[in-house]
Amino acid sequence: MKLLRPLSLLLACTLLSLGTLFADAPSLAPAPSLATATRAAVAPAQPTEELLNLSDAKAAVKAYVEDGRYDRDLAAAATKAREWIEERSAARRPGERLAVVMDIDETVLSNLPVMRAEDFGYNTREWAAWIKKSEAPALPAVKEVFLAARAADVAVLFLTGRKDPRDRPGTEENLRREGMGDYAALQLTPNDRKKITSLERKTAARAAWAAEGWTIIATIGDQESDLGEHAERGFKLPNPFYKIP
Ligand SMILES: [Mg+2]
């Protein structure tokens, strides 16, 4: 035992010295490959939520149109609007001047031809040229709402983001060609009112019409900004193509 104790002490000192000697030595773990090192250098600190792929989104929109869901959803909303207009106009109070406020683009007229040609992009010049041609086809289910309103002696007031005066001739001609020329007002967006949102402009226009004595029984459009105050009911149509604030 007397001999063992110094030996143990010597062994402990030797191990301690070796530990100190190798403390700064590089790890014996294998070095990362170049590929791993590159991934580590570009990887974000936190994983990012995967974004919707634009090609997939366009394909989904095209499928929605081509397999008939767009027409079905349009027809469902348009039917509700038509039924309300017929019901409300049948209960007209004496002296009431009933009106519906209708949007134009993706409401009574479809711009699918130009949207397809632009691969669902937006180019101001192309869009203006398209409007000037007056070739936008009617959306049949919504045209039926227009015709039902007129048959019930309800006025149609068009309220659109199309520009005044640039788009007025093309719009008037297009509505006439598609059998919707019998309207009481066509209000486009004056160029000097660009700085306010569609929601503000359209709400103000309905307020002005109400102040003139119109009873607005329905407002119909594809954007949230087409609906809202100064109308008894709002009917929202589908639009998977674009959004306007
Ligand atoms: Mg619209």
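Student: Which residues of H7 are buried?
Tutor: Val142, Val145, Phe146 and Ala149. Buried means 20 or more other C-beta atoms within 10 Å of the residue's own; exposed means 12 or fewer, and partly exposed is in between, with C-beta atoms placed from the backbone.

Student: Why do they line one face of the helix?
Tutor: Down the axis of H7, the buried residues fall within an arc of 95°, so they line one face. The arc is taken from the directions from the helix axis to the C-beta atoms. In general, an α-helix has 3.6 residues a turn, so residues three or four places apart point the same way.

Student: Before we go on, what kind of model is this?
Tutor: A predicted model: local features need pLDDT of at least 70, side-chain atom pairs count only at pLDDT 80 or more, and totals for chains, interfaces and linings use all residues. Residues are numbered from 1 along each chain as its sequence is written.

Student: What do the buried residues of H7 pack against?
Tutor: Helix H4 (69-90) and three strands: E1 (97-102), E2 (155-164) and E4 (214-221). Contact means C-beta atoms, placed from the backbone, within 7 Å. The helices (H or I, at least four residues) and strands (E, at least two) are DSSP runs, numbered from the N terminus.

Student: OK, strands. How do E1 and E2 pair?
Tutor: In the parallel sense, over 4 bridges. Pairing takes at least two DSSP bridges between the strands. Methionine 102 stands opposite phenylalanine 158 in E2.

Student: And how many bridges join E2 to E3?
Tutor: 5, and E2 and E3 (residues 185-190) run parallel. Here leucine 157 stands opposite alanine 185 in E3.

Student: Which hand does the β-α-β unit of E2, H8 and E3 have?
Tutor: It is right-handed. That is, with the strands pointing away from the viewer, the path from the first strand over the helix to the second runs clockwise.

Student: New topic. Where is the peptide bond that is cis?
Tutor: From aspartate 164 to proline 165, with omega near 10°. Proline 165 lies in the loop between E2 and helix H8 (168-177). Most peptide bonds are trans, and most residues other than glycine have a negative phi.

Student: What is the phi of phenylalanine 120?
Tutor: Positive, about 65°, although phenylalanine 120 is not a glycine. It is in the loop between helix H5 (112-117) and helix H6 (124-133). With 16 C-beta neighbours inside 10 Å, phenylalanine 120 counts as partly exposed.

Student: And where is histidine 230?
Tutor: In the loop between E4 and strand E5 (234-236). Histidine 230 has a positive phi of about 65°.

Key. Contact = placed C-beta atoms within 7 Å.
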